[in-house]
Each structure stands twice: as structure tokens, then as C-alpha cells.
Amino acid sequence: MKPINVRQFFSQFPDDAACLAHMFEVRFGQGYECPKCKRSAKWYRLASEQAFSCQWCGNHIHPMVGSIFEKSSTPLQLWFYAIFLFTQTRHGVSAKELQRQLGVTYKTAWRMGSMIRKHMAGVDGERPLGGNGEAVEVDETYVGGERPGKRGRGAAGKTIVLGMLERNGDLIAKVVPDGSTKSLAHTVARNVKAGTEVVADMHKGYDALEHRFELKRVNKDRDGYVGPDGEHVNSIENFWRHLKCSIKGTHVSVSGKHLERYVKEFEFRFNRRMRPEAMLAELLTRFPELDV
Ligand SMILES: [Zn+2]
């Protein structure tokens with residue numbers, strides 16, 4: 001299956017009503033048991049508000065509740081299209097680009113981008129990596145540094161991102177406060193299953209991993225990229241290269257405070273690299289569980 005193109009997008013979502021109907025279908029659907037009268041109901045779209053009404057008791061369901069669209073005055077179709085744009089790129093979407101494509105203010109565009117990244121992180125989730133017979137590369141990278149000397153952010157104001165990549169599998173990346181054992185080894189231990197073969201460089205922050213994992217070290221200073229037994233962290237380093245080059249090209253720079261959301265956006269796409277056609281469908285069907 002191929003990812004849908006812009007023409008297919010607009011044929012599937014021709015207007016706001018189609019988008020709202022889609023939201024209702026994927027989250028509730030006809031026959032959904034009314035939370036108020038407890039009967040399986042036919043639901044009717046209300047003309048007066050963005051809601052559906054129970055055939056029996058007239059109770060309302062708002063399909064956008066709890067989603068990133070809920071409190072927004074931006075038309076739903078624009079939100080869907082913005083999400084579509086995030087699935088069409090390898091390098092991310094800047095607020096400027098959203099402003100231009102959607103015809104909204106820069107402030108609105110920036111906020112939408114930020115919410116979409118948050119949604120991508122939620123949909124991606126964080127299932128633990130590895131397991132018996134699996135190998136996970138771990139590595140940290142330093143991003144930014146436009147505010148040199150800022151304390152607690154590592155070398156020269158840079159923000160540290162820790163990445164864990166299961167070979168031929170998923171990636172989890174997170175911003176960490178520093179290069180300590182607590183920030184590196186403990187974060188790996190929380191996100192990688194015990195018994196996994198873990199490959200790391202010689203950074204002291206990873207030493208403690210030997211207690212829980214089959215730990216292999218790569219001495220980059222001595223051996224270059226690939227050690228004598230073939231151990232390497234090349235896959236995660238490719239991800240770092242792509243992340244940094246994209247941030248530079250698309251956003252110029254991202255502050256440490258917001259970096260995590262951008263990292264999660266790239267994590268979402270990376271984890272779907274073998275099935276890019278699933279990206280839009282997932283983002284437009286998976287919303288937070290509701291407690292109605
Ligand atoms: Zn009802």
C-alpha cells in the first residue's frame with residue numbers, strides 16, 4: 001500500500017463535516033451505547049453544534065472531546081491537512097510552512113505544530129525494546145547550543161538526547177538532563193527489556209548497564225565506527241544525523257525546552273519507516289481513551 005496523495009486526501013476529507021463524521025466513526029460509531037440512557041443508539045449530527053445526538057434521549061456526544069482539536073477554533077479540515085503534511089515529509093514541518101499552507105497566523109501555526117507533535121508522541125507510545133536474542137544500540141547526542149554556558153545542559157549549552165534503537169525494530173529517544181548514570185543507564189534500564197544485548201560506546205554513564213544486560217562496548221576512539229567483533233552503534237548514529245540535519249534545514253534551531261517534542265516527531269516517523277502508509281490512518285484514528 002502507498003501513502004495517500006493530496007488528491008486522495010481531499011476526496012476522503014472534502015470538508016469539516018466529513019472530518020467530524022470521521023472522528024465520530026473512529027471513536028464511537030453508529031450503535032454506540034449512549035452513556036446516559038445506556039441503549040445502543042443511532043446518532044444524529046446536530047446542525048447547531050459539532051456534536052451527535054442520541055436517538056432515544058437526545059444526549060450529546062462531542063467527537064473532538066479529549067483530542068488535540070477539542071479547544072481549537074481552527075477548522076477540523078485544516079487540522080487534518082496539517083497532520084497529513086507531517087506524514088508527507090522526512091524532514092519535519094516548520095511553523096512558517098504551516099502558516100503558508102493553511103493560511104493561519106504564525107502563532108496558530110506554531111501551536112498546531114506543537115500539538116501535532118504531542119499527538120504523534122502519544123500515538124507512537126513507548127513499548128519497551130529488545131528481549132532475548134535482540135540487540136539494542138544506545139547512544140547519546142548533543143543538540144543545539146545556541147545559548148552557550150547555560151548550566152545543566154551539558155557541553156556549551158547543548159541539550160542531550162538519549163536514543164535506544166532495536167536493530168531492525170523501534171526507536172525510543174528522550175531528552176535527558178545530563179550524562180550521569182541516572183540519566184543514561186537508568187533510562188535505558190526502564191526502556192529496554194532485561195536480557196537484551198545492549199551496545200554502547202565508552203561513556204561512563206553506561207557502565208552500570210553491565211549488571212542487567214549483555215553489554216558490548218564500542219571504543220570509537222580506538223576502533224572507529226566498527227569494533228573488532230563487529231559491534232557498532234551505526235544505526236542510531238544515522239538517526240542522529242538525520243534528526244540534526246532536518247532540524248537545521250527545517251527549523252534552523254530548536255530550544256532545549258521544546259526539543260523533546262521534535263525528537264518524538266522524528267521517532268514517530270522512524271518507527272513507521274517500513275509502513276509509511278499507516279501514518280495518517282494511525283494519527284486520525286488513535287485518540288486518548290475516553291471516560292464518558
Ligand atoms: Zn441516550
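**Exercise 1. The packing of α5 and α9**

Determine the handedness of the crossing of α5 and α9 in this predicted model, and state how the two helices are oriented and which residues they bring together.

*Solution.*

Step 1. The crossing of α5 and α9 is left-handed.

Step 2. Helix α5 covers residues 106-124 and helix α9 covers residues 256-270; their axes are 8 Å apart and the packing angle is about 50 degrees.

Step 3. Angles under 35 degrees count as roughly parallel, 65 to 115 as roughly perpendicular and over 145 as roughly antiparallel, the rest being oblique. The two helices α5 and α9 are therefore oblique to each other.

Step 4. On the α5 side, the contact is formed by Ser114, Arg117, Lys118, Met120, Ala121, Val123 and Asp124. These meet Arg261, Tyr262, Lys264, Glu265, Glu267 and Phe268 of α9.

Step 5. Sorted by class, the contact of α5 with α9 contains seven charged, five nonpolar and one polar residues.

**Exercise 2. The contact of α2 with α3**

Classify the orientation of helices α2 and α3, and give the composition of their contact.

*Solution.*

Step 1. The axes of α2 (residues 16-27) and α3 (residues 76-87) come within 7 Å and cross at roughly 75 degrees.

Step 2. An angle from 65 to 115 degrees counts as roughly perpendicular. The crossing therefore makes α2 roughly perpendicular to α3.

Step 3. Helix α2 contributes Asp16, Cys19 and Leu20, while helix α3 contributes Leu76, Gln77 and Phe80.

Step 4. By class, this contact has four nonpolar, one polar and one charged residues.

**Exercise 3. The five-stranded sheet**

Reconstruct the strand order of the open sheet of five strands, and describe the pairings within it.

*Solution.*

Step 1. The order is β6-β5-β4-β7-β8, and the pairing is mixed.

Step 2. Strands β6 (171-176) and β8 (214-218) are the edge strands, each of which pairs on one side only. From one strand to the next, the twist averages 25 degrees.

Step 3. Strands β4 and β5 are paired in the antiparallel sense over eight bridges. Glutamate 140 has leucine 162 in β5 as its bridge partner.

Step 4. Strands β4 and β7 run parallel and are joined by three bridges. Here valine 136 stands opposite valine 198 in β7.

Step 5. The pairing of β7 (residues 197-201) with β8 is parallel and extends over five bridges. Glutamate 197 stands opposite glutamate 214 in β8, and the bridge partner of valine 198 in β8 is leucine 215. Valine 198 thus appears opposite valine 136 and also as the partner of leucine 215.

Step 6. Helix α9, already met in its packing with α5, lies across β4 (135-143), β5 (159-166) and β6. The helix runs at about 175 degrees to β6.

**Exercise 4. The surroundings of glutamate 166**

Decide whether glutamate 166 is buried or exposed, and identify the residues that it touches.

*Solution.*

Step 1. Glutamate 166 is found in strand β5.

Step 2. A residue counts as buried if 20 or more other C-beta atoms lie within 10 Å of its own. Glutamate 166 has 20 other C-beta atoms within 10 Å and is therefore buried.

Step 3. Not counting residues up to four places away in sequence, glutamate 166 touches Leu129, Gly130, Glu134 and Val136.

Step 4. One of these contacts can be described further: glutamate 166 and valine 136 are 30 residues apart in sequence, and their C-alpha atoms are 4.2 Å apart in space.

**Exercise 5. The three-stranded sheet**

State the order and pairing of the open sheet of three strands, and explain why β1 and β3 are its edges.

*Solution.*

Step 1. The order is β1-β2-β3, with antiparallel pairing.

Step 2. Strands β1 (43-45) and β3 (60-61) each have a single partner strand, so one side of each is left without a neighbour in the sheet.

Step 3. Strand β2 (residues 52-54) pairs with β3 in the antiparallel sense over two bridges. Serine 53 stands opposite histidine 60 in β3.

**Exercise 6. The chain as a whole**

Summarise the secondary structure, extent, burial and contact range of the chain.

*Solution.*

Step 1. The chain has ten helices and eight strands.

Step 2. Along its principal axes, the C-alpha trace spans about 70 × 40 × 40 Å.

Step 3. Of the 292 residues, 32% count as buried.

Step 4. Among contacts between residues at least 6 apart in sequence, 54% join residues at least 24 apart.

Key
Residues are numbered from 1 along each chain as its sequence is written. This is a predicted model: local features need pLDDT of at least 70, side-chain atom pairs count only at pLDDT 80 or more; totals for chains, interfaces and linings use all residues. Axes are lines fitted to C-alpha atoms, for helices over the stretch in contact, and angles run from 0 to 180 degrees between N-to-C directions. Helices (H or I, at least four residues) and strands (E, at least two) are DSSP runs, numbered from the N terminus. A crossing is left-handed if the near helix is turned anticlockwise from the far one by less than a right angle, and right-handed if clockwise. Two residues are in contact if their C-beta atoms, placed from the backbone, lie within 7 Å. Ala, Val, Leu, Ile, Met, Phe, Trp, Tyr, Cys and Pro count as nonpolar, Asp, Glu, Lys and Arg as charged, and the others, Gly among them, as polar. Two strands pair if DSSP finds at least two bridges between them. A residue is buried if 20 or more other C-beta atoms lie within 10 Å of its own, exposed if 12 or fewer, and partly exposed in between; C-beta atoms are placed from the backbone.
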